[in-house]
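The following exercises ask the reader to work through a protein model from its interior to its principal pocket. Each task is followed by a solution in steps.

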Amino acid sequence: MSKFQVVEHPLIQHKLSILRRKETSSKEFRELVDEIGMLMAYEVSRDLPLEDVEIDTPVAHMTAQRLAGKKLAIVPILRAGIGMVDGIYKLIPAARVGHIGMYRDEETLKPVEYLVKMPTDIAERQVFLVDPMLATGGSAILGVDVLKKRGVKNIKFVCLVAAPEGVKAFQKAHPDVDMYAAALDDHLNEQGYIIPGLGDAGDRLFGTK
């Protein structure tokens, strides 16, 4: 069974409480998603391999450590996932970025794929698949399906708010993919929205209704 981890860092929880508030403007919402994404990247990248490297400081020679050359990619699920990219990108500027476009059919609540654009060497990369919300789990499951079809072996799914129903469905579909969230909320309502959640992340990011 895949690991599901809630990243409970105080700064993340503080920023998430502001993100949830209905009074938070689109500008503030974008900034907070960016900041929380960057903070979560610390935890998600915790197990990246290191290698020794010889360097000279201003006063001495030493053996230091650097990332061991493992290639990384950030893949947002559009449209809301794009809000999490820059924060992670700031920490890992050598990462490549792919995109998976989906929309939710409001009658079936099922995701419909409309765009896939990936780096040519995506199969060789550690991929962080990102989307602010894990509700029914449908979009995240389809996102991992898309990556696996292209030969990706190392995937981590990163979101801000998850529902128990989505976690359960995701783990059943992809027991080999670990998940990270800033919060595990209570349940989904009849429309498939996370409760208490934070509303429609895409609309709040981009000021649309």
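**Exercise 1. The nonpolar cores**

Task: Determine which members of the largest nonpolar core touch the most other members, and which helix or strand gives the most to this core.

Solution. Step 1: The largest nonpolar core has 36 residues, of which L16, L19, M40, L160 and L198 touch the most other members. A nonpolar core is a set of buried Ala, Val, Leu, Ile, Met, Phe, Trp, Tyr and Cys residues joined through side-chain atoms within 4.5 Å. Buried means under 20% relative accessible area, exposed over 50%, and partly exposed in between (1.4 Å probe, protein chains only).

Step 2: At least two residues of this core come from each of α1 (10-20), α2 (26-44), β4 (72-78), α3 (85-91), β8 (126-130) and α6 (201-206). Helices (H or I, at least four residues) and strands (E, at least two) are DSSP runs, numbered from the N terminus. The greatest contribution is that of α2, with seven residues.

Step 3: Not counting residues up to four places away in sequence, L16 touches I36, V161, A182, A183 and L198, where contact means heavy atoms within 4.5 Å. A second, separate core has 26 residues, among them I77, I141, V146 and V177.

Two conventions apply throughout. The model is predicted: local features need pLDDT of at least 70 and side-chain atom pairs count only at pLDDT 80 or more, while totals for chains, interfaces and linings use all residues. Residues are numbered from 1 along each chain as its sequence is written, and side-chain values use heavy atoms, with hydrogens and water left out.

**Exercise 2. Two residues, K15 and A64**

Task: State where K15 and A64 lie, and decide for each whether the residue is buried or exposed.

Solution. Step 1: K15 belongs to helix α1. Its relative accessible area is 19%, so K15 counts as buried. Beyond residues up to four places away in sequence, K15 touches L32, E35, I36 and L39.

Step 2: A64 is part of strand β3 (residues 61-67). A64 is buried because its relative accessible area is 16%. With residues up to four places away in sequence not counted, A64 touches E51, D52, V53 and I55.

Step 3: A64 and L160 are 96 residues apart along the chain, and their C-alpha atoms are separated by 34 Å.

**Exercise 3. The three-stranded sheet**

Task: Give the strand order of the open sheet of three strands, and explain why one side of β9 and of β13 is left without a neighbour in the sheet.

Solution. Step 1: The order is β9-β11-β13, with parallel pairing. Two strands pair if DSSP finds at least two bridges between them.

Step 2: β9 (133-134) and β13 (183-184) stand at the edges and have a single partner strand each, so one side of each lacks a neighbour in the sheet.

Step 3: Strand β11 (residues 161-162) runs parallel to β13 and is joined to β13 by two bridges. V161 stands opposite A183 in β13.

**Exercise 4. The largest pocket and the annotated sites**

Task: Describe the largest pocket, and establish which residues of the UniProt "binding site" features are included in its lining.

Solution. Step 1: The largest pocket holds about 600 Å³ of space. On a 1 Å grid over the protein atoms alone, a pocket is an open set of points where a 1.4 Å probe fits, with protein on both sides within 12 Å along at least five of seven lines; lining residues have an atom within 4 Å of a point. Grid points are joined across faces, edges and corners, and the volume is the space filled by probe spheres set on the points.

Step 2: Its lining has 27 residues, and R104, D131, M133, S139 and D200 lie nearest the centre. β4, β6, β9, α4 and α6 each supply at least two lining residues.

Step 3: In an unreviewed entry, UniProt lists a "binding site" at R79, R104, D131, P132, M133, L134, A135, T136, G137, G138, S139 and D200. Of these residues, the pocket lining includes R79, R104, D131, M133, L134, A135, T136, G137, G138, S139 and D200. UniProt positions are given in the numbering used here, feature names are shortened, and annotations may be inferred rather than shown by experiment.

Step 4: R104, in strand β6 (residues 99-104), is partly exposed at 23% relative accessible area. S139, in helix α4 (residues 138-149), is partly exposed at 24%. Leaving aside neighbours within four places in sequence, S139 is in contact with I77, M102, P111 and D131.

Step 5: UniProt also places a "binding site" (unreviewed entry) at I194, G199, D200 and A201. The pocket lining takes in I194, G199, D200 and A201 from this set. I194, in strand β15 (residues 194-195), is buried at 5%, whereas G199, in the loop between β15 and α6, is partly exposed at 36%.
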